[in-house]
Amino acid sequence: MPIALGFAENSIQLVPDGTLILHVIIILVMVWLLNITLYKPINQILANREKRTRGRLSEAEEISQSVSQKLSEYERSLRQARAAAYALSEAERAEAMKDRQAKLNEMREELAQSIAQEKKTIDQQAAEARTALEVESRLIAREIGSRVLSRPISDGQMN
């Protein structure tokens, strides 16, 4: 059987003819129709989705920045409040120490006055006791002398 290297009668021939232009026009119309009915709406949906995603992402970043800023402001105000509280506490403590020291000084002064008054009273009582003892000792000495001598002794004889 001989192999025919030529073209067979029933084979497809690729010769450009008038139908090629028709096929190109049909393809272009299909591309245009698909572009209007399918690709543009899908691209718009994808673009809107991307826009919303980026919008929400940027909104989330703005919220995150706002939260960070408010947190740092809160921490700063908290530090200031603590410092003010510590300063107030220290001032109150210093005032309390000052009052305590003033009361201690007042009590010491009262105590010193009381001690001085008591010393005066004790000295006065000692002087009175000496005077009383002197008088009593003279009386006892007179009585002892009169008993020993068996006669009364006068004040002139006592010295």
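**View 1. Arg-147 and Glu-143 sit four residues apart in helix 1, which puts about one helical turn between them.** Welcome to a predicted model, shown here at one of its salt bridges. The side chains of Arg-147 and Glu-143 meet with an N to O distance of 2.9 Å. Why does Arg-147 count as exposed? Its relative accessible area is 64%, and the exposed class begins over 50%. Glu-143 has a relative accessible area of 42%, so this residue is partly exposed.

**View 2. Past the end of helix 1, Ser-150 has a positive phi.** Helix 1 covers residues 18-149, and Ser-150 comes just after it. The phi angle of Ser-150 is about 60 degrees, a handy value to look up if you are checking the backbone here.

**View 3. Arg-93 and Glu-90 join their side chains in a salt bridge.** The N to O distance for this pair is 2.6 Å. How far apart are Arg-93 and Glu-90 along helix 1? They are three residues apart, and therefore separated by about one helical turn. An α-helix has 3.6 residues a turn, so residues three or four places apart point the same way. Both partners are partly exposed: Arg-93 has a relative accessible area of 46%, and Glu-90 has 41%.

**View 4. Glu-50 and Arg-54 make another of the salt bridges.** Their closest N and O atoms are 2.6 Å apart. Both residues belong to helix 1, with a spacing of four residues, or about one turn of the helix. Is Arg-54 buried or exposed? With 56% relative accessibility, Arg-54 is exposed, because the cut-off for that class is over 50%. Glu-50, at 40%, is partly exposed. A search of the whole structure gives three salt bridges, and this view completes the set.

**View 5. A nonpolar patch on the surface gathers Leu-34, Leu-38, Tyr-39, Ile-42 and Leu-46.** Together, these residues offer about 420 Å² of accessible area. Take Tyr-39 as an example: this residue lies in helix 1. Its relative accessibility is 43%, so Tyr-39 counts as partly exposed.

**View 6. Helix 1 bends at Asn-35.** How many degrees does the bend at Asn-35 come to? The angle there is about 50 degrees. The residue numbers tie this view to the previous one: Leu-34 of the nonpolar patch directly precedes Asn-35, where helix 1 bends.

**View 7. Stepping back, helix 1 runs through 132 residues.** At 1.5 Å a residue, helix 1 should span 196 Å, and its end C-alpha atoms are 186 Å apart, which agrees. The secondary structure of the chain amounts to two helices and zero strands. What share of the 159 residues counts as buried? The figure is 1%, where buried means under 20% relative accessible area. The chain exposes about 15,100 Å², and carbon and sulfur atoms account for 61% of that area.

Key. Residues numbered from 1 in each chain as written. Predicted model: local features only at pLDDT ≥ 70, side-chain atom pairs only at ≥ 80, totals over all residues. Heavy atoms only, no water. Buried < 20%, exposed > 50% of the residue type's maximum accessible area, 1.4 Å probe, protein only. Areas by Shrake-Rupley, 256 points an atom, 1.4 Å probe, with all protein chains shown as cover. Expected span 1.5 Å × (residues − 1). Bend = angle between axes of the 7 residues up to and from the residue. Patch = residues over 30% accessible without salt bridge, like charges linked within 9 Å, V, L, I, M, F, W, Y side chains within 5 Å. Salt bridge = Lys/Arg side-chain N within 4 Å of Asp/Glu carboxyl O.
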